Amino acid sequence: MTPRALDSSTFTVHPEVQEALASGRPIVALESTIISHGLPKPENIRVAGEVEDMVRSRGAAPATIAVLAGRVHIGLTSEQIEEIATRGDVSKASIRDLGIVCAQSGYAATTVAATSHLANRAGITIFATGGLGGVHRQARDSWDESADLIALSSIPMTVVCSGVKSILDVRATLERLETLNVGVIGYGSHQFPGFYLTDSGHTVDWRLDDPESVAQVISTRHNLGIVSGLVVANPLPPDQQLDPDLHDHVLREGLNLARDRGITGKAVTPFLLDHFHRSTHGASLIVNANIIVRNAELAARIAVASSTSWASRI
Ligand code: PSU
Ligand code: MN
């Protein structure tokens, strides 16, 4: 599935990922913005490691993606994960930033959009994260809509996530996903998850209940020549979600603070996530970490089911 050979002056593929690509073994791409900008230190290093361990324990190779000293790394060593988690000069890169960061030998963590682009470039088709970017509240005035959405309209990536962060306008985001031809599947539920919360209050048309069914949809989309992405929305079990009252209170507070302090653009998401982590005294952090690890587990199971069904056809 590799579109064209990767240019070795730009890309470094970790040996574990290289071996998996060569032998058709399952791989799960992982983004790095959640490490550098989404989670506080030092928990970010721990969570990034747990996520990779989970992927391996389910039989797939983890490929955390980031830009280090101008090179795109598909798969990181634990030292490189630590670098992304701790350096002060790691920028948050969407697709449009990649060319600049690489040409200037910079360091960047990749968003869902940039990770999807790079994973696809490397021939990886399944990706796990916490929450997708989306349409921000008041987007009618600010025009703030994540490039994640438009990226997924033209990249055939399956993204396992727990919906979009509750800080966003969920209804508008679902509308945009429809407009942009991005498939949305509820995993084990017709309710679209609300990231920290099990249920965003919005429903989705399609529900699948096991990794094999998702793998079948992925291969059928491929046969149909559909080149847009597929979102697999994986809700937390209700007993693992953040307390909904606490959530609503902290969210209102955070949105007001962001407005009062004039926080805009790509700083909005990290600001609100940080506010959540501080104001819930770490409760949201535990939930956030759990979300990412669970999504990595499901993505690995889908990747394994996909490679098994491909193999059985040869
Ligand atoms: N969801 C999280 N934490 C994050 C992000 C999403 O729970 O850090 C990151 C992802 O990398 C996503 C990006 O792609 O935020 C979206 O940012 P923006 O809204 O600026 O496009
Ligand atoms: Mn934005």
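Trainee: What volume does the second largest pocket have?
Mentor: Keep in mind that this is a predicted model. The pocket has 38 lining residues, and among those closest to its centre are Lys92 and Thr269. As for the volume of the second largest pocket, it comes to about 690 Å³.

Trainee: Which class, nonpolar, polar or charged, has 9 residues in the lining of the second largest pocket?
Mentor: Let's go through the split. There are 15 nonpolar residues in that lining and 14 polar ones. The 9 you're asking about are charged.

Trainee: Where does ligand 1 sit?
Mentor: Start with what's around the ligand: 16 residues surround ligand 1, and Lys92, Ser146 and Asp148 are among the closest. Lys92, Ser146 and Asp148 also turn up among the residues closest to the centre of the second largest pocket. That fits with where ligand 1 sits, the second largest pocket.

Trainee: Which helix gives the most to the shell around ligand 1?
Mentor: Two helices each supply at least two residues of that shell: H2 (33-38) and H12 (268-279). The one that gives the most, with 3 residues, is H2.

Trainee: How much of the accessible area of ligand 1 does the protein cover?
Mentor: Look at some contacts to begin with. A polar side-chain atom of Glu31 is 2.6 Å from an oxygen atom of ligand 1, and one of Lys92 is 2.8 Å from an oxygen atom of the ligand. Lys165 has a polar side-chain atom 3.4 Å from a nitrogen atom of ligand 1. Out of the 470 Å² that ligand 1 has on its own, the protein covers 94%.

Technical notes:
Residues are numbered from 1 along each chain as its sequence is written. Chains are lettered from A and ligands numbered from 1 in the order in which they are written. This is a predicted model: local features need pLDDT of at least 70, side-chain atom pairs count only at pLDDT 80 or more; totals for chains, interfaces and linings use all residues. Side-chain values use heavy atoms; hydrogens and water are left out. A residue is near a molecule or strand if one of its heavy atoms lies within 4 Å of it. A polar contact is a pair of N or O atoms within 3.5 Å; within protein, one must be able to donate a hydrogen and the other to accept it, and residues adjacent in sequence count only if both atoms are side-chain atoms. Accessible areas come from the Shrake-Rupley method with a 1.4 Å probe; for residues, only the protein chains shown count as cover. On a 1 Å grid over the protein atoms alone, a cavity is a set of points where a 1.4 Å probe fits but cannot get out, and a pocket is an open set with protein on both sides within 12 Å along at least five of seven lines; lining residues have an atom within 4 Å of a point. A molecule sits in a cavity or pocket if more than half of its atoms lie within 2 Å of its grid points. Helices (H or I, at least four residues) and strands (E, at least two) are DSSP runs, numbered from the N terminus. Grid points are joined across faces, edges and corners, and a volume is the space filled by probe spheres set on the points. Ala, Val, Leu, Ile, Met, Phe, Trp, Tyr, Cys and Pro count as nonpolar, Asp, Glu, Lys and Arg as charged, and the others, Gly among them, as polar.
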